[in-house]
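Colleague: I'd like to learn how to read a model like this one. Could you walk me through it, feature by feature?

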Amino acid sequence: MDQRRRSAQEDLISFLLNAAESGEIEEDEIVPLVFQVFNASYQTTASLLGSVLTAVLGGDGPALGRLAEDLGLVAATVGEVLRTDPPVQSTGQHALRTVRLGGHRIAESDFVIAVLAAGNRDPEQFASPDEFRADRTPRQTLGFDWGVHHCLGAGLALLEARTATQRLAERFPDMQLVAEPRRWPTANMRSFRSLEVLLDSRARPAVSP
Ligand code: HEM
């Protein structure tokens with residue numbers, strides 16, 4: 001922040017410093033805001049890319065090689081992964097007022113956990129919801145939440161995931177999983193502990209006797 005104060009750049013920290021100067025936010029909100037954006041943006045997008053690779057290399061989605069030629073299929077595959085295997089499984093909010101929902105009374109200020117991943121598999125919305133179908137229509141996803149808290153970076157995240165998937169498909173169409181992907185044992189975030197791949201199966205080194 002001190003550095004940006006001395007020399008403003010076209011970036012988030014300079015933007016927030018500016019907002020603090022004009023009184024739109026308090027200066028002590030800047031660190032938590034930057035922290036939130038970094039946290040919300042990096043791990044989630046990395047998880048989505050890992051889940052896309054797990055789906056296509058694990059045989060649920062279309063083969064990676066097919067994605068190199070077909071941008072529409074890349075977008076559809078990323079969208080279906082966001083539905084079946086969303087990086088953020090649930091969100092938690094406090095109710096602003098008392099409501100009845102699905103036969104339950106939720107009192108004002110109660111803490112409510114919304115399992116977005118379950119909504120993504122609602123059988124009233126999706127035929128055979130557990131099946132991975134890249135050509136599924138319509139395919140509304142709760143993967144970026146809904147309403148006022150809808151993800152600020154959804155457009156950027158989709159662009160990153162589609163671009164990375166397409167580039168990987170172009171460069172390494174023969175990529176293979178070499179071990180079962182391992183995730184961190186967290187309930188909410190589907191991030192990976194390891195995702196081991198062989199980039200080019202044709203370049204597999206000869207096994208010595
Ligand atoms: C695949 C990647 C991503 C997924 C799955 C994702 C998912 C979500 C979800 C589910 C929420 C709602 C959280 C809640 O209501 O408690 C959210 C909010 C948010 N996301 Fe993302 N996100 C992703 C990428 C990003 C990126 C790239 C950025 C920033 C560049 C970002 C910034 C934010 C912020 C600031 C919020 C809070 C919005 C608010 O409460 O008003 N996210 N995201």
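Modeller: Gladly! Start with the overall inventory: the protein chain has seven helices and eight strands. Keep in mind that this is a predicted model.

Colleague: What box do the C-alpha atoms of the protein chain fill, and what share of the residues counts as buried?

Modeller: Along the principal axes, the C-alpha atoms fill a box of roughly 65 × 55 × 35 Å. Of the 209 residues in the protein chain, 34% count as buried.

Colleague: Now the ligand. Where does the ligand sit?

Modeller: The ligand sits in the largest pocket. Helix H3 (30-57), strand E1 (90-94) and H7 are the elements that give two or more residues to the shell around the ligand. H3 gives the most, with six residues.

Colleague: Which residues come nearest to the ligand, and how does the shell divide by class?

Modeller: There are 21 residues around the ligand, and Thr44, Gln93, Asp145, His149 and Cys151 come nearest. By class, the shell has 11 nonpolar, nine polar and one charged residues.

Colleague: The ligand has an iron atom. Which protein donor does the iron atom have?

Modeller: To read a metal site, look for protein N, O and S atoms within 2.8 Å of the metal. Here the only protein donor of the iron atom is Cys151, through its SG atom at 2.3 Å. Water is not among the atoms, so the site may look incomplete.

Colleague: Where along the chain is the place of cysteine 151?

Modeller: Cysteine 151 is in the loop between helix H6 (116-119) and helix H7 (154-171).

Colleague: What about polar atoms facing the ligand? Which atoms of aspartate 145, histidine 149 and alanine 40 should I look at?

Modeller: For polar contacts, look for pairs of N or O atoms within 3.5 Å. A polar side-chain atom of aspartate 145 lies 2.7 Å from an oxygen atom of the ligand. In the side chain of histidine 149, an N or O atom is 2.7 Å from an oxygen atom of the ligand. With alanine 40, look at the backbone instead: one of its N or O atoms lies 3.4 Å from a nitrogen atom of the ligand.

Colleague: Let's turn to arginine 136. Is arginine 136 buried or exposed?

Modeller: Compare the relative accessible area with the cut-off: buried means under 20%. Arginine 136 is buried because its relative accessible area is 7%. Arginine 136 lies in the loop between H6 and H7.

Colleague: What does the side chain of arginine 136 contact?

Modeller: The side chain of arginine 136 makes a polar contact with the side chain of glutamate 80, at 3.1 Å. The arginine 136 side chain also reaches the backbone oxygen of glutamate 131, at 2.9 Å.

Colleague: And alanine 154, is that residue buried or exposed?

Modeller: Alanine 154 lies in helix H7, and it counts as buried because its relative accessibility is 8%.

Colleague: Last topic: backbone angles. What is phi of serine 109, and where is this residue?

Modeller: Check the sign of phi and whether the residue is a glycine. Serine 109 is not a glycine, yet its phi is positive, near 70°. The place of serine 109 is in the loop between strand E3 (104-106) and strand E4 (111-115).

Colleague: How should I read serine 128?

Modeller: Serine 128 also has a positive phi, about 40°, although it is not a glycine. Serine 128 is in the loop between H6 and H7. It counts as partly exposed because its relative accessibility is 36%.

Terms used. Residues are numbered from 1 along each chain as its sequence is written. This is a predicted model: local features need pLDDT of at least 70, side-chain atom pairs count only at pLDDT 80 or more; totals for chains, interfaces and linings use all residues. Side-chain values use heavy atoms; hydrogens and water are left out. Donors are N, O and S atoms within 2.8 Å of the metal (3.2 Å for Na, K and Ca); water is not among the atoms, so sites may look incomplete. Helices (H or I, at least four residues) and strands (E, at least two) are DSSP runs, numbered from the N terminus. A residue is near a molecule or strand if one of its heavy atoms lies within 4 Å of it. A polar contact is a pair of N or O atoms within 3.5 Å; within protein, one must be able to donate a hydrogen and the other to accept it, and residues adjacent in sequence count only if both atoms are side-chain atoms. On a 1 Å grid over the protein atoms alone, a cavity is a set of points where a 1.4 Å probe fits but cannot get out, and a pocket is an open set with protein on both sides within 12 Å along at least five of seven lines; lining residues have an atom within 4 Å of a point. A molecule sits in a cavity or pocket if more than half of its atoms lie within 2 Å of its grid points. Ala, Val, Leu, Ile, Met, Phe, Trp, Tyr, Cys and Pro count as nonpolar, Asp, Glu, Lys and Arg as charged, and the others, Gly among them, as polar. Buried means under 20% relative accessible area, exposed over 50%, partly exposed in between (1.4 Å probe, protein chains only).
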